[in-house]
Amino acid sequence: MTRVARSTRGPEITSRRERAEIEAYLRWLADCLDLKDWRVRLSDIPATEKTSAAEVEIIDNRRAAAVHIAADFRRITQVEQRHVLVHELLHCHTKAVADMVLAAGSESVLGSTAAAIFEAGYRNAEEDLVDRLAQFIAPRFPTRQEWSANI
Ligand SMILES: [Zn+2]
């Protein structure tokens, strides 16, 4: 999940053509991020949290991910879009660690209250890690606009 402030200017809804371009760019970024063996697609279902620019849904043990972008994704800048997509893709690399850590801190191991605190702490730490990595990695790639001008 990535939170980014949005402008209220311009049309909110992303066109079908623009969605296709975002999906092709997402695929290209996934290849660059060593996710060539993953099936990565742009979901038709928007991100569920109102404050999220995007969310990723990873299908367990299938190397498959669906990225859900917010309905108003097009209202964030190209640089922010690149950051958000890289951030979501990096979660594919942290999924196995998350699964192990969260299993070790599950309700059956810790009890429900401690497990909830543990999970919230882990999720915050993972978000911080993934976002810091995305801040470092994303600027190494062209924005979607720069990328699409060169294909
Ligand atoms: Zn995230």
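**Helix α1 and the fold around it**

Reader: Which residue takes a positive phi just after α1?
Author: In this predicted model, the backbone takes a positive phi of about 60° just after α1. The position is in the loop between α1 and β2, and the residue is not a glycine. The residue is D34.

Reader: Is D34 buried or exposed?
Author: A residue counts as exposed if 12 or fewer other C-beta atoms lie within 10 Å of its own. D34 has 11 C-beta neighbours inside 10 Å, so D34 is exposed.

Reader: Which residue in the loop between β3 and β4 has a phi near 50°?
Author: The value is positive, and the residue is one other than glycine. Because 15 other C-beta atoms lie within 10 Å, this residue is partly exposed. Its place is the loop between β3 (52–59) and β4, and its name is R63.

Reader: What span does α1 reach from its first C-alpha to its last?
Author: α1 covers residues 16–32, which is 17 residues. At 1.5 Å a residue, 24 Å is expected. The model comes close to that, with 24 Å.

Reader: Within what arc do the buried residues of α1 fall?
Author: The buried residues of α1 are I22, Y25, L26, L29 and A30. Seen down the helix axis, they line one face because their directions stay within a limited arc. The face turned away from them carries exposed R16, R17 and A20. The arc of the buried residues is 145°.

Reader: Which elements are included in what covers the buried residues of α1?
Author: The cover is drawn from strands and helices. The strands include β2 (39–42) and β4 (64–69). The helices include α2 (78–104) and α5 (144–149).

Reader: At roughly what angle do the axes of α2 and α4 cross?
Author: α4 runs over residues 112–137, and its axis comes within 9 Å of that of α2. Among the residues that meet are H83, V86 and L90 in α2, and Y122, E126 and V130 in α4. The crossing is right-handed, and its angle is roughly 140°.

Reader: What is the radius of gyration of the chain, set against that of a compact globule?
Author: For 151 residues, a compact globule would have a value near 15 Å. The C-alpha atoms fill a box of roughly 50 × 35 × 25 Å along the principal axes. The chain agrees with the globule rule, at 16 Å.

Reader: Which pattern does the chain follow along the sequence?
Author: The chain has five helices and four strands. Of the contacts with a separation of 6 or more, 67% join residues 24 or more positions apart. Read along the sequence, the pattern is β-α-β-β-β-α-α-α-α.

Conventions: Residues numbered from 1 in each chain as written. Predicted model: local features only at pLDDT ≥ 70, side-chain atom pairs only at ≥ 80, totals over all residues. Helix = DSSP H or I, 4+ residues; strand = E, 2+ residues; numbered from the N terminus. Expected span 1.5 Å × (residues − 1). Buried ≥ 20, exposed ≤ 12 C-beta atoms within 10 Å, placed from the backbone. Arc of directions from axis to C-beta. Contact = placed C-beta atoms within 7 Å. Rg over C-alpha atoms; globule rule 2.2 N^0.38 Å. Axes fitted to C-alpha atoms, helices over the stretch in contact; angles between N-to-C directions. Left-handed = near helix turned anticlockwise from the far one by under 90°.
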